[in-house]
Amino acid sequence: MLRTGAAQWIVYVSSFRGALVRRLDCRNYLAVSIKSAGFYRNYYGERKLSEQFTAIAILACVCAALSGVLNIAVIRFCHKYGILDKPGLHKRHKNPTPNIGGVAILLSVVITLVFGAWLYPEILLESDIPWVAIGLAGFLIFAVGLVDDLRPVPPFGKLFTQTIAGLILYSGGLAVDPIYLPFVGEITLGGWSSLVTVFWVVALSNAVNLIDGLDGLALGVSLIAAVSLMMIALALNLEVVLAICAILSGALAGSLYFNLHPARIFLGDSGSLLIGFIFATLSLLVPIKSYTTAALLPPLIALGIPIIETASSALRRFLAGRSVFAADRRHLFHYLGYLGLGPRATVRIFWLGGVLCGVTSIAMLFWDRRLALGALLAVMVVVFIVFLILRPRLSRAELKIGARGDLDESGS
């Protein structure tokens with residue numbers, strides 16, 4: 001028995017050694033183990049579902065681990081050099097807290113992208129994705145957010161930088177044209193495409209920033225949206241989008257642990273603007289793969305919570321005759337606080353809303369889009385009616401505690 005077992009091990013080791021000899025470079029050596037998992041094209045040029053799940057698991061786990069380690073490093077660095085958001089008016093946190101969580105997210109995403117391109121070049125490198133334009137625009141968004149975290153930047157400065165980033169994406173071939181409107185159909189934009197593309201990038205970049213008012217709120221909603229987009233990409237066989245969503249999900253999951261109440265680190269504008277920009281880019285990557293414009297609608301629904309918050313905030317400020325960039329305490333999560341809900345309960349409600357939008361977006365791929373969208377709209381109508389019923393109570397509560405500034409936690 002022992003001799004037989006030893007002989008088998010000798011055969012295994014010899015086979016393994018022969019495989020290494022045939023694969024001299026490190027990348028091909030690592031491909032030996034990955035190939036055993038089946039992550040290579042089959043005879044029909046497509047990947048099996050199990051192979052795609054293998055890619056998701058590898059990229060997401062690597063990025064999550066990196067994100068966790070980098071968050072610890074950033075937290076220690078900020079405490080050592082005093083890069084902290086101090087308590088004050090409209091800020092609920094009691095202790096100085098690091099506020100450049102975007103650094104950990106950016107580094108973990110970039111490092112994992114490089115690792116993924118090295119491991120799976122046939123996916124990330126052999127595609128028509130304008131990586132240079134995306135990288136340059138993303139760096140501009142992150143840079144203006146980081147500067148704002150360290151020293152406040154005027155709203156016009158951030159808007160100008162975000163506009164340039166949108167134009168860079170447009171020049172790289174990522175554009176909103178045509179668009180698909182529910183119950184209307186496809187509309188060709190023509191010369192308006194550049195303006196709509198820039199508007200979309202600016203709006204979605206700020207969408208995540210607007211809901212970053214409670215610990216774990218923006219990161220949790222973003223994680224749910226990223227997973228929903230990942231499922232959509234899996235259903236549509238968009239491998240590049242699938243890989244990016246897996247990486248983003250890992251980065252968000254690794255950061256969420258440190259951002260839960262009480263947060264040890266805040267996203268800051270560097271993180272929230274970057275996440276919103278990545279979502280904008282992901283949504284633009286759908287039509288570039290020659291899918292019908294109707295396929296662009298599910299990703300938009302998956303991002304429902306940030307989009308609703310952005311639209312409601314902009315409309316409210318416009319009707320009040322104020323700048324759409326002016327800060328106020330009338331966000332959706334503020335109203336839940338006025339009703340007496342604590343930070344954790346408010347965050348869970350927003351997460352539930354994110355799950356509802358995500359499930360609806362996935363359902364639109366398999367059921368009638370109008371039926372799925374109609375169900376979501378019905379829920380929104382019910383929520384709006386409840387809001388109207390509770391509005392007198394909200395107004396009284398707002399007047400009573402609005403001056404105390406005890407709802408915001410992250411100071412954003």
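Let's start with Ser 222, which sits in helix α9, residues 217–236. Please keep in mind that we are looking at a predicted model. Is Ser 222 buried or exposed? It is buried, with a relative accessible area of 1%. And what does Ser 222 touch, once we leave out residues up to four places away in sequence? The answer is Val 208, Leu 252, Ile 275 and Phe 279. Hold on to those names, please, as some of them will come back.

Take Leu 252. Leaving out residues up to four places away in sequence, Leu 252 touches Ile 105, Leu 219, Ser 222, Leu 223, Ala 226 and Ile 275. So which residues have the most contacts inside the largest nonpolar core? They are Ile 105, Leu 169, Leu 252, Ile 275, Phe 279 and Leu 282, and that core has 81 residues. For those of you new to this, here is the general idea: in soluble globular proteins, nonpolar side chains tend to be buried together.

Let me step back to the whole chain for a moment. There are 16 helices and two strands in it. Of the 412 residues in the chain, 48% are buried. If we take the contacts with a separation of 6 or more, 74% of them are between residues 24 or more positions apart.

Now to helix α10, residues 239–259. It has 21 residues, which should span 30 Å at 1.5 Å a residue, and its end C-alpha atoms are indeed 30 Å apart. Is α10 mostly covered or mostly open? Mostly covered: 19 of its 21 residues are buried.

One residue to look at in helix α10 is Cys 245. Its relative accessibility is 0%, so Cys 245 counts as buried. Not counting residues up to four places away in sequence, Cys 245 touches Ala 226, Leu 229, Met 230 and Leu 282. Cys 245 and Phe 279 are 34 residues apart along the chain, and 9.1 Å separates their C-alpha atoms.

If we follow the chain on from α10, we come to a loop that leads to α11, and Pro 262 is in that loop. What is the peptide bond from His 261 to Pro 262 like? It is cis, with omega near -5°.

After the loop comes helix α11, residues 268–284. Its 17 residues reach 25 Å from the first C-alpha to the last, close to the 24 Å expected at 1.5 Å a residue. How many of the residues of α11 are buried? The count is 17 of 17, so to speak a fully buried run. Ile 275 in our list of core residues also lets us link to another helix. Leu 106, which lies in helix α4, is 169 residues from Ile 275 in sequence, yet the two are 9.1 Å apart in space, C-alpha to C-alpha. Leu 106 is partly exposed, with a relative accessible area of 21%. Apart from residues up to four places away in sequence, Leu 106 touches Phe 142 and Leu 274.

How does α4 meet α10? First, the general language: two packed helices are described by the angle between their axes and the distance between the axes. The axes of α4 and α10 come within 9 Å and cross at roughly 145°, and the crossing is right-handed. On the α4 side we have Ile 105, Ser 108, Val 109, Thr 112 and Leu 113, and they meet Ile 247, Ala 251, Leu 252 and Ser 255 in α10.

My last topic is aromatic pairs. How many does a search of the whole structure find? It finds four. In one of them, the rings of Phe 77 and Tyr 81 have centres 4.7 Å apart and planes at 45°, so the pair is tilted. Phe 77 and Tyr 81 are four residues apart in helix α3, residues 49–81, which puts about one helical turn between them. Phe 77 is partly exposed at 43% relative accessible area, while Tyr 81, at 51%, counts as exposed.

Phe 115 and Trp 118 also form a tilted pair, 5.8 Å centre to centre with 45° between the planes. They are three residues apart in helix α4, residues 102–119, and again about one helical turn separates them. Why does that spacing matter? An α-helix has 3.6 residues a turn, so residues three or four places apart point the same way. Phe 115 is partly exposed at 22% relative accessibility, and Trp 118 is partly exposed at 32%.

That's my tour, thank you for listening!

Methods. Residues are numbered from 1 along each chain as its sequence is written. This is a predicted model: local features need pLDDT of at least 70, side-chain atom pairs count only at pLDDT 80 or more; totals for chains, interfaces and linings use all residues. Side-chain values use heavy atoms; hydrogens and water are left out. Rings of Phe, Tyr and Trp (its six-membered ring) pair if their centres lie within 6.5 Å; planes under 30 degrees apart count as stacked, over 60 as edge-to-face and the rest as tilted. Buried means under 20% relative accessible area, exposed over 50%, partly exposed in between (1.4 Å probe, protein chains only). The expected span of a helix is 1.5 Å times one less than its number of residues. A nonpolar core is a set of buried Ala, Val, Leu, Ile, Met, Phe, Trp, Tyr and Cys residues joined through side-chain atoms within 4.5 Å. Contact means heavy atoms within 4.5 Å. Axes are lines fitted to C-alpha atoms, for helices over the stretch in contact, and angles run from 0 to 180 degrees between N-to-C directions. A crossing is left-handed if the near helix is turned anticlockwise from the far one by less than a right angle, and right-handed if clockwise.
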